Amino acid sequence: MSKLFKRIDTVFLEVTNMERSIGWYTEVLDFSVRWHDVENGYVAIEMGETPLTLVRAEKVTPGSHCLLNFYSADIYAAHQKLAERGVSVEDVIDNGAVLSFEFKDPDGHTLGVCYFEEESVTREES
């Protein structure tokens, strides 16, 4: 761990339609709003220790790669639930020790979901 920093405090993601994005992240992904500053165009989405802060932008250019991974203890259930909620999900890929898949948010940002045996990672780091 860094002697200067304890954790990532937030991850910022630009969105073109704040209300649509709040609805999508809360209704489709089951996250909740931690806080919002509507006047300045910021909304923090609760998703564990590190929130996702949505930032209002006039135009968004999605990146060419996945911006972040959500960890799921049951990747197949997460995949099915997102598909049932109308999200276009890619197939689950088996990379050996890691399973993963990707999908896009309403602004076209690529997001990922991964699964791995947490105990094996902990043992390897020791």
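1. Welcome to this structure; charge is a good place to begin. The protein carries 11 positive and 23 negative charges, and the mean positions of the two sets lie 5 Å apart. Please keep in mind while reading that this is a predicted model.

2. Next, the overall layout. The protein has three helices and eight strands. Followed along the sequence, these elements come in the order β-α-β-β-β-β-α-β-β-β-α. The C-alpha atoms occupy a box of roughly 45 × 40 × 25 Å along the principal axes.

3. A few totals help with inside and outside. The protein has 126 residues, and 37% of them count as buried. The exposed surface comes to about 8,400 Å², with carbon and sulfur atoms supplying 50% of that area. As for how the chain meets itself, take the contacts between residues at least 6 apart in sequence: 51% of these join residues at least 24 apart.

4. Now to the salt bridges. The whole structure contains four of them, and three are described here, starting with Arg20 and Asp107. Their side chains meet with an N to O distance of 3.3 Å. This pair links distant parts of the chain, 87 residues apart: Arg20 belongs to helix 1 (residues 18–28), while Asp107 sits in the loop between strand 7 (98–104) and strand 8 (110–116).

5. The two partners in that bridge are worth a look for their surroundings. Is Asp107 buried or exposed? Asp107 has a relative accessible area of 12%, so it counts as buried, the cut-off being under 20%. Arg20, on the other hand, is partly exposed, with a relative accessible area of 36%.

6. A second bridge joins Arg34 and Glu46, whose side chains meet at 2.7 Å, N to O. This pair also links distant parts of the chain: Arg34 is in strand 2 (residues 32–37) and Glu46 in strand 3, 12 residues apart. Arg34 is partly exposed at 37% relative accessible area, and Glu46 counts as partly exposed too, with 26% relative accessibility.

7. The third bridge to visit is formed by the side chains of Arg7 and Asp9, at 3.7 Å from N to O. Arg7 is partly exposed, with a relative accessible area of 43%.

8. Turning from charged to nonpolar side chains, which residues form a nonpolar patch on the surface? They are Phe12, Trp35 and Tyr42, and together they offer about 330 Å² of accessible area. Tyr42 belongs to strand 3, the strand that also holds Glu46. With 31% relative accessibility, Tyr42 counts as partly exposed. Patch members need over 30% relative accessible area, so Tyr42 at 31% meets that requirement.

9. Finally, a glycine to find in the model. Where is Gly48? Gly48 lies in the loop between strand 3 (42–46) and strand 4 (52–56). Gly48 is partly exposed, with a relative accessible area of 39%. Gly48 and Phe31 are 17 residues apart along the chain, and their C-alpha atoms are separated by 9.1 Å.

Definitions and conventions
Residues numbered from 1 in each chain as written. Predicted model: local features only at pLDDT ≥ 70, side-chain atom pairs only at ≥ 80, totals over all residues. Heavy atoms only, no water. Helix = DSSP H or I, 4+ residues; strand = E, 2+ residues; numbered from the N terminus. Buried < 20%, exposed > 50% of the residue type's maximum accessible area, 1.4 Å probe, protein only. Contact = heavy atoms within 4.5 Å. Areas by Shrake-Rupley, 256 points an atom, 1.4 Å probe, with all protein chains shown as cover. Lys, Arg positive; Asp, Glu negative; His and termini not counted. Charge placed at Lys NZ, Arg CZ, Asp CG, Glu CD. Patch = residues over 30% accessible without salt bridge, like charges linked within 9 Å, V, L, I, M, F, W, Y side chains within 5 Å. Salt bridge = Lys/Arg side-chain N within 4 Å of Asp/Glu carboxyl O.
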